[in-house]
Amino acid sequence: MKSPRRMLAFVIAGVVVIAAAGWVVSTRLRSPADEAARRTAPKASLVTAAVERRKLVSTIVVSGTLAYGSPVPLTLAGVVGGTSELQRVTRAPRQGRLAEGAVFMEVNGRPVFALRGSVPMHRTIGPGTEGKDVKQLQKALRRLGFGGPASGVFDGATIAAVTRMYKKKGYEAQQPTLADRQAYDQLRKAVQTARETLATEKQALDQGRDVLPLKVKLANAKTDLKSARAALKEAEGQRLTPEDDAKLATADTTVRAAEEKLLEAEQALTAARSQPTATPTATPAPQTTDTSLLELRVDNARAELEQAREAYGRIMEEARQARAKLLEELRKAVRTANDGLVTAQQALRQARQLSPTKLKVADAAKDVAAARSLLAEFSRTYGTAIPPGEVVFLPKLPARVQKTGVKAGQAVENEVATVTSSTFMVTGTVETAESDLLRAGMSAVIELDSGKTYPATLTAVGEKATVPGQEKAADNTQPVLLTPSSMKGLKGLSGTAVTARVTVGATEEPVLVVPVAAVVTGADGKARVQVEYATDKTKEVQVRTGLTADGNVEVSGTLHEGDRVVVGDA
């Protein structure tokens, strides 16, 4: 028989089970009214957003790749060294930084220098070479401290500077090859042989019997002309001949003697005329002194003086005429001698032209001219030179060797390496519609997956942003190029995918902003928002819109920070 206490426990447990079952059933059973009420949609309410005051920044997002910029494939412009034998790499380019003046690689044991310049290496630069490429080379040598001019001419001073550059790197500047030296020596000997032949033929021509008498006549004609010119010069230097001088001296003496005689006669006449006459006591008839004889003497003296002067004049005129005649005869003698010289020269020239030896002399002279021309042309490029393959000009240095195209032991045929700038760049694309908002120089931020950001600048948009080797952008996109402001923290991240945000607009101060969905433009073209002033009660407020960014738009009007504007119905 069971105890009363155990019976009571069973009863209580049963009641609990029955009560629990009733509760479960009651929760699952609803009346038709309750079920209809549960399925009825709740009353609609407004979806609103607060009006905020903050700075607004509009950006365009660019997905791109961080890499070293401006890749340029490099090929050598020609042979390295002085011969065109097989060009084989003896030291391949190394990846990494490439400074100006560095040896980029070696071919056949010869260096290939990297220098800064926009004019590509395209020829051998040798002695006497002129041009923009030479001036570019000279400027590079000066920057590297090797000196030299900047004249654009590859002269001796430039050769010395090139020699110093090669020596500093442990090489010797390219000297003429054995074949060049042999060719130069052969040309030099050819000139010497031609000159010797010309001299021999000239000697044979000059010593020929057919022209020897004419040479004597020519020599005599030269002597005659010289003597005639000397006599004429001497006569032109003398006013009178010695004979004329003696005659004029005698005539001059006669004139002076006649002048003295006239003077004495005139003085005697004057004295006679001035002598006083004695007066007696008685008054006789007046008496006069007889001066007729003295007057006769004066007249005779005057006549003699006139004759003496006329004689002097005749002698002077005769001397002048004699001198003029002598000078004319001497000038005629000079002309005759000169004509004789010209005749002798022409006779000798014609005789030489008719001489068989003359043809040999003419041919020998042509041979000399031809040999000298060949030697001069060869000499212009003979000496220390820079072969076309021993210098690579790059627009910007230092640069970076990104990829090598050859290995040691391989033949140089095509591209040897790819060189980039030493700075990072981000290449990417944006939709064409967005690219119209972009301008070179805009500020940007580069974001890594880690969340770190780096300031940058938009460098180029469109064709100017196209990078050699990069895949062509899709038809509805445009390439963009960004340059980080600093390399700090980016080293080792080449090839990393990044996100860049280019700032295309920003407000200077905090402004009121609302979601773009809150602004509605009416039929009148004016923008409005619905402002909730009480629960589910709104009023329409006209606003002016400004900058749009990140789904928000700048607004101004009778709005206040904290107001709630309708963005939709719930």
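**Exercise 1. Find how strand 7 and strand 8 are joined, and describe the turn between them.**

Step 1. In this predicted model, where local features need pLDDT of at least 70, side-chain atom pairs count only at pLDDT 80 or more, and totals for chains, interfaces and linings use all residues, strand 7 (residues 103–107) runs antiparallel to strand 8, and four bridges join them. Residues are numbered from 1 along each chain as its sequence is written, and side-chain values use heavy atoms, with hydrogens and water left out. Strands are DSSP runs of E with at least two residues, helices are runs of H or I with at least four residues, and both are numbered from the N terminus; two strands pair if DSSP finds at least two bridges between them.

Step 2. To locate one of these bridges, start from V103, whose bridge partner in strand 8 is F113.

Step 3. The two strands form a hairpin with two residues between them, and N108 in the turn has a positive phi of about 55°.

**Exercise 2. Follow strand 8 to its other partner, and decide how covered strand 8 is.**

Step 1. Strand 8 also pairs with strand 9 (residues 391–394), this time in the parallel sense and over four bridges. Within that pairing, L115 stands opposite F393 of strand 9.

Step 2. Strand 8 (residues 110–116) is mostly covered, since six of its seven residues are buried, where buried means under 20% relative accessible area, exposed means over 50%, and partly exposed lies in between (1.4 Å probe, protein chains only).

**Exercise 3. Work out the order of the open sheet that contains strand 10, and identify its edges.**

Step 1. The sheet has four strands in the order 4-11-10-6, with antiparallel pairing.

Step 2. Strand 4 (72–74) and strand 6 (96–98) each have a single partner strand and stand at the edges, so one side of each is left without a neighbour in the sheet.

Step 3. Direction ignored, neighbouring strands of this sheet are turned by 40° against each other on average, the axes being lines fitted to C-alpha atoms.

Step 4. Inside the sheet, strand 10 (residues 399–404) and strand 11 (residues 417–421) pair over five bridges in the antiparallel sense, and V401 stands opposite V419 of strand 11.

**Exercise 4. Check the length of helix 7 and place A265 in it.**

Step 1. The expected span of a helix is 1.5 Å times one less than its number of residues; for the 32 residues of helix 7 this gives 46 Å, which agrees with the 47 Å between its end C-alpha atoms.

Step 2. The buried residues of helix 7 include L248, A251, V255, A258, L262, A265 and L269. An α-helix has 3.6 residues a turn, so residues three or four places apart point the same way.

Step 3. A265 belongs to helix 7 (residues 242–273) and is buried, with a relative accessible area of 10%. Leaving aside neighbours within four places in sequence, A265 is in contact (heavy atoms within 4.5 Å) with R297 and V298. The C-alpha atoms of A265 and A301, which are 36 residues apart along the chain, are separated by 7.3 Å.

**Exercise 5. Describe the surroundings of S58.**

Step 1. S58 lies in strand 3 (residues 57–68) and, at 11% relative accessibility, counts as buried.

Step 2. Beyond its neighbours within four places in sequence, S58 is in contact with residues including V502, V504, L547 and T548, and the side chain of S58 reaches the backbone oxygen of T548 at 3.3 Å.

Note on methods
Polar contact = N/O pair within 3.5 Å; in protein donor to acceptor, adjacent residues only side chain to side chain. Axes fitted to C-alpha atoms, helices over the stretch in contact; angles between N-to-C directions.
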